[in-house]
Structures are given as C-alpha cells and as structure tokens.
Amino acid sequence: MTQLTEPSDQRLAKGARARATIARRAAELASVEGLDGLSIGRLATDLGISKSGIATLFGTKEALQLAAVQAGRDIFIERVIAPGLRVPRGGTRVRAMVDGWFAHIENPPFPGGCFRVATLTEFSSKPGPVRDAVVADHDGWLTFLAGEVRKAQAMGELADSEADLLVFELDAIVSAANIAYQTGDSARVEAAHAIVRRLLSDTPTEA
C-alpha cells in the first residue's frame with residue numbers, strides 16, 4: 001500500500017533542521033538588535049516561512065530567545081573550543097583557544113560581533129531564564145578556560161598567576177577588543193593582542 005504520510009523520523013529530522021535554521025537566524029538578529037528585539041514576524045519574513053510555523057516549533061518568544069542563546073553557544077564551541085582541544089594540552093592549547101577567541105570577534109559569525117558580549121550587556125540586569133542561560137554560558141566558558149590554564153601551569157607553563165583572575169583579565173580584554181573591532185578601532189584591537197601575549201607569556205612557573 002502506498003504510504004501517504006511522511007514517516008515520523010523524517011518529520012522529526014525536518015523539524016530539527018527548521019529549528020536550527022530559525023535559531024541561527026535569531027542569534028544573528030539578536031547580535032545586532034538584542035534578544036528582546038527578536039520578532040517572530042521578522043524571522044518569518046527573513047526565512048520565507050510562516051509565523052505559525054515558527055510559533056509551532058518554539059511556542060513562546062522566551063523559548064526562541066533560549067534557542068538563540070544555545071545557537072550562539074554551539075557556534076562558539078565549534079569555532080573556538082573544539083579546535084583548541086585538538087591542540088596538545090598546556091600553554092599551547094590555552095593560547096590556541098584565546099587566538100580562536102580573538103578570531104571569533106575579528107571574523108565574526110554574527111553581524112553584531114560576539115553574541116555573548118551583546119547578550120550579557122543586554123540581560124545582566126533582567127532576571128529570568130534567558131539571563132540564567134546567558135550567564136551560565138559565559139561562566140561555563142570562563143570556568144573551562146581557567147581549568148585549561150591550571151593544567152598548563154601544572155606542566156610548568158604559563159606565568160605563575162591565579163587562574164581565575166587571569167581568565168577574568170582575558171575576558172575583559174577580549175570583550176573590549178570586540179567593541180573596538182565593531183567601532184573600527186584597529187589600534188585598540190592590536191593593543192588587546194599585545195596585552196594578551198604578555199599575560200600568556202612562556203615564563204614557566206617556579207618549582
């Protein structure tokens with residue numbers, strides 16, 4: 001008998017692809033207009049799909065915002081963390097990840113630059129699930145990077161400094177570089193690179 005309905009696994013796969021496409025576009029828009037500026041109507045127009053289709057997949061604006069945050073996180077992992085993990089552990093890996101972090105803002109996947117910087121600024125004073133997701137993403141990255149710094153220091157590499165403080169400094173510098181890049185201030189971007197090179201010097205820890 002001829003099957004007249006699409007198999008459920010194909011429908012699920014199609015739904016997952018649609019969600020990923022919508023979430024990616026939502027992240028692109030949010031990088032410029034903010035997560036609060038997301039509009040189902042705008043997304044529908046941009047992607048050539050119906051508003052009801054987006055509403056069916058996500059249900060609420062908050063769910064769409066959370067999906068955008070996850071899309072931003074996934075792309076950061078793909079562009080920065082995963083390549084860094086392919087580098088041997090130690091100072092070389094830490095520097096590779098920070099280089100990837102800089103590349104992420106200098107060759108951004110989103111028109112508004114670093115998605116994390118934009119959303120942290122927007123939601124830092126807005127309690128709720130979206131803020132929690134944004135903060136968890138940010139803190140998770142810094143905690144992970146601090147762990148890699150500690151591993152490098154245990155190997156006698158990198159300067160002997162408190163790992164969490166070092167990563168806090170790196171975060172501040174790269175965030176400032178993101179703003180400088182977005183405003184066309186190449187001198188300050190280069191200054192940020194120079195500061196980070198000093199922070200991640202090859203000076204070994206003393207026994």
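Select D137 to begin: at 11% relative accessibility, D137 counts as buried, because anything under 20% falls in that class. The model on screen is a predicted one. Keep D137 displayed and add R116, whose side chain meets that of D137 in a salt bridge, with 3.1 Å from N to O. D137 lies in helix 7 and R116 in helix 6 (residues 115-123), so the pair ties together parts that are 21 residues apart in sequence. R116 is likewise assigned to the buried class, with a relative accessible area of 8%.

**The whole chain**

Zoom out to the cartoon of the protein chain. The secondary structure consists of 9 helices and 0 strands, and the order of elements from the N terminus is α-α-α-α-α-α-α-α-α. If principal axes are drawn on the C-alpha trace, the spans along them are about 75 × 45 × 30 Å.

Next, colour the residues by relative accessibility. The protein chain has 207 residues, and 39% of them count as buried. On a surface representation, the accessible area comes to about 10900 Å², with 56% belonging to carbon and sulfur atoms. A contact map adds a further view: among contacts between residues at least 6 apart in sequence, 71% join residues at least 24 apart.

Colouring by charge shows 23 positive and 26 negative side chains. The centres of these two sets lie 6 Å apart.

**Helix 5 to helix 7: a charged pair**

The structure holds 12 salt bridges in total. Select R93 and E148, which form one of them; their closest N and O atoms are 3.2 Å apart. This pair links distant parts of the chain, since R93 belongs to helix 5 (residues 91-106) and E148 to helix 7 (residues 129-154), 55 residues apart. Both R93 and E148 are buried; for E148, the relative accessibility is 2%.

Leave E148 selected and add K151. The side chains of K151 and E148 also meet in a salt bridge, at 3.2 Å from N to O. Here both residues lie in helix 7, and the separation of 3 residues is about one turn of the helix. How accessible is K151? At 33% relative accessibility, K151 counts as partly exposed, whereas E148 counts as buried.

**A salt-bridge network**

Move the selection to R24, R25, E28, E33, R42 and D46. These residues are linked in a network of salt bridges. Showing their side chains as sticks, with the charged nitrogen and oxygen atoms coloured by element, makes the members of the network easy to follow.

**Helix 5 to helix 7: an aromatic pair**

Return to helices 5 and 7, and display the aromatic rings. The model has 4 aromatic pairs. In the pair formed by W101 and W141, the ring centres are 5.2 Å apart and the planes stand at 90°, so the arrangement is edge-to-face; the class requires planes over 60 degrees apart. W101 is in helix 5 and W141 in helix 7, so that this pair, too, links distant parts of the chain, 40 residues apart.

Are these two tryptophans buried or exposed? W101 counts as buried at 3% relative accessibility, and W141 counts as buried at 2%. Extend the selection to F76 and F144: ring pairs link F76, W101, W141 and F144 into a cluster.

**The loop after helix 7**

Follow the chain out of helix 7 and select L158, which lies in the loop between helix 7 and helix 8 (163-182). What is the sign of phi at L158? The value is positive, near 70°, in a residue other than glycine. L158 is buried as well, with a relative accessible area of 1%.

**Helix 9**

The last stop is A187, located in helix 9 (residues 186-199). At 53% relative accessibility, A187 counts as exposed, because the exposed class begins over 50%. To finish, draw a distance from the C-alpha of A187 to that of A177: the two residues are 10 apart in sequence and 9.7 Å apart in space.

Terms used
Residues are numbered from 1 along each chain as its sequence is written. This is a predicted model: local features need pLDDT of at least 70, side-chain atom pairs count only at pLDDT 80 or more; totals for chains, interfaces and linings use all residues. Side-chain values use heavy atoms; hydrogens and water are left out. Helices (H or I, at least four residues) and strands (E, at least two) are DSSP runs, numbered from the N terminus. Buried means under 20% relative accessible area, exposed over 50%, partly exposed in between (1.4 Å probe, protein chains only). Contact means heavy atoms within 4.5 Å. Accessible areas come from the Shrake-Rupley method with a 1.4 Å probe; for residues, only the protein chains shown count as cover. Lys and Arg count as positive and Asp and Glu as negative; His and the chain ends are not counted. The place of a charge is taken as NZ of Lys, CZ of Arg, CG of Asp or CD of Glu. A salt bridge is a side-chain nitrogen of Lys or Arg within 4 Å of a carboxyl oxygen of Asp or Glu. Rings of Phe, Tyr and Trp (its six-membered ring) pair if their centres lie within 6.5 Å; planes under 30 degrees apart count as stacked, over 60 as edge-to-face and the rest as tilted.
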